[in-house]
Amino acid sequence: MTPVDTVPPRVTQAARRARTRGALLAAARALFAEKGFAATGREEIAEQAGVTRGALYHHFASKTEVAAAVVAELEAELVDRVVRAAAAGEGVRDQLHRGCRAYMDACADPSMARILADAPAVLGMEACRALDAESCVPLLEEVFARCAAEGIEVLGDPAVVASLLLGLLNEAAALIAATPHDAALRARVADTVDSFLTRLFG
């Protein structure tokens, strides 16, 4: 073996930046979930991530920017959970129920509940709606297209119905996230949403 063979590959600057950003987001997510946004300081995030304050400021100009990145990461995870849960269903009705249940279950997850509950106050309602529109509305519109293919009538404009249904789910999620350990409330909310879906889609 030559000396060259024993030299570890060099980490590119882009890889270092991605690793630092990932560490900052993981630290912020853990702290936001445990303490909430208001009680978490930027210096605390940097310390838990094992980086300097300068590294934090290089990636994020403000704590709100950190929160926005964390929420966007959670939104992507929520979509993945919903899609995987729905895929186990048989027929579009069953898939819709399963997907909505998975969404509400995720909102009771301690690693998500407090962050999701804080998000509207931290980022603003419009920013939260924009994230939802980007990640969730297309999924619902796809479901409605499949409803038509299976002969299930969707009343009204599908794009409007998607936004209204997402509003219902977000309110349900907010109720659950506010008290994630209240299993009885969680069951009542989930059962009510199921009833709405059954009435809407038969």
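A pocket, for this talk, is an open set of grid points with protein on both sides within 12 Å along at least five of seven lines. Keep that in mind, as the pocket comes up soon. The model on the screen is predicted.

Start with the overall picture. The protein has 11 helices and 0 strands. Read along the sequence, the pattern is α-α-α-α-α-α-α-α-α-α-α. The C-alpha atoms fill a box of roughly 70 × 45 × 30 Å along the principal axes. There are 202 residues in the protein, and buried residues make up 37% of them.

Now the pocket. How big is the volume of the largest pocket? About 560 Å³. Its lining takes in 24 residues. Nearest the centre are P120, M125, C128, D132 and N170. Five elements give two or more residues to that lining: α5, α6 (91-107), α7 (110-123), α8 (125-135) and α10 (158-178). Which of them gives the most? That is α10, with 9 residues.

Next, the enclosed space. The search gives 1 cavity of 30 Å³ or more. The volume of the largest cavity is about 60 Å³. Its lining reads F32, F37, A67, V71, R114, I115, D118, A119, V122 and L123. Here α5 and α7 are the elements that give two or more residues. The most come from α7, with 6 residues. So α7 turns up in the lining of the pocket and in the lining of the cavity. Helix α5 does likewise, for the pocket and for the cavity.

Stay with two names from the cavity lining, F32 and F37. Both are buried. How many aromatic pairs does the model hold? The count is 1. The pair is F32 with F37, and their ring centres are 5.5 Å apart. The planes meet at 45°, so this pair is tilted. For reference, stacked needs planes under 30 degrees apart, and edge-to-face needs over 60. There is also a charge to mention. K63 lies over the face of F37, 4.3 Å from the ring centre. And K63 is itself one of the buried residues of α5.

That takes us to α5. This helix runs over residues 63-87, which is 25 residues. At 1.5 Å a residue it should span 36 Å. The C-alpha atoms at its ends are 36 Å apart, so expectation and model agree. Which residues of α5 are buried? K63, V66, A67, A69, V70, V71, L74, E75, L78, V79, V82 and A86. Why look at the spacing in such a list? An α-helix has 3.6 residues a turn, so residues three or four places apart point the same way. Among the buried residues of α5 are V71, L74, L78 and V82. Two of the buried residues, A67 and V71, also line the largest cavity.

Cysteines next. A disulfide is a covalent bond between the sulfur atoms of two cysteines. How many disulfides does a search of the whole structure find? The result is 0. C107 is in none, and the nearest cysteine sulfur, in C136, is 9.7 Å away. C107 is buried, at 2% relative accessible area. What about C128? Its sulfur is 12 Å from the closest cysteine sulfur, again in C136, and that is too far for a bond. The cut-off for a disulfide is 2.5 Å. C128 is buried too, at 11% relative accessible area. Recall that C128 is among the residues nearest the centre of the largest pocket.

Last, three alanines. A26 sits in helix α2, residues 13-35. Its relative accessibility is 48%, so A26 counts as partly exposed. The line for exposed is over 50%. A26 and A49 are 23 residues apart along the chain, and their C-alpha atoms are separated by 7.5 Å.

A159 is in helix α10. At 33% relative accessibility, A159 is partly exposed. Its C-alpha atom is 17 Å from that of A149, with the two 10 residues apart along the chain.

Is A121 buried or exposed? With 75% relative accessibility, A121 counts as exposed. A121 lies in helix α7. Between A121 and A18 the C-alpha separation is 28 Å, and along the chain these two are 103 residues apart.

To close, go back to the helices. The pocket lining draws most on α10. The cavity lining draws most on α7.

Note on methods:
Residues numbered from 1 in each chain as written. Predicted model: local features only at pLDDT ≥ 70, side-chain atom pairs only at ≥ 80, totals over all residues. Heavy atoms only, no water. Helix = DSSP H or I, 4+ residues; strand = E, 2+ residues; numbered from the N terminus. Expected span 1.5 Å × (residues − 1). Buried < 20%, exposed > 50% of the residue type's maximum accessible area, 1.4 Å probe, protein only. Phe/Tyr/Trp six-rings, centres within 6.5 Å; stacked < 30°, edge-to-face > 60°. Lys NZ or Arg CZ within 6 Å of the ring centre and 35° of its normal. 1 Å grid on protein atoms, 1.4 Å probe; cavity = no way out; pocket = protein on both sides within 12 Å on 5 of 7 lines; lining within 4 Å. Points joined across faces, edges and corners; volume = space filled by probe spheres on them.
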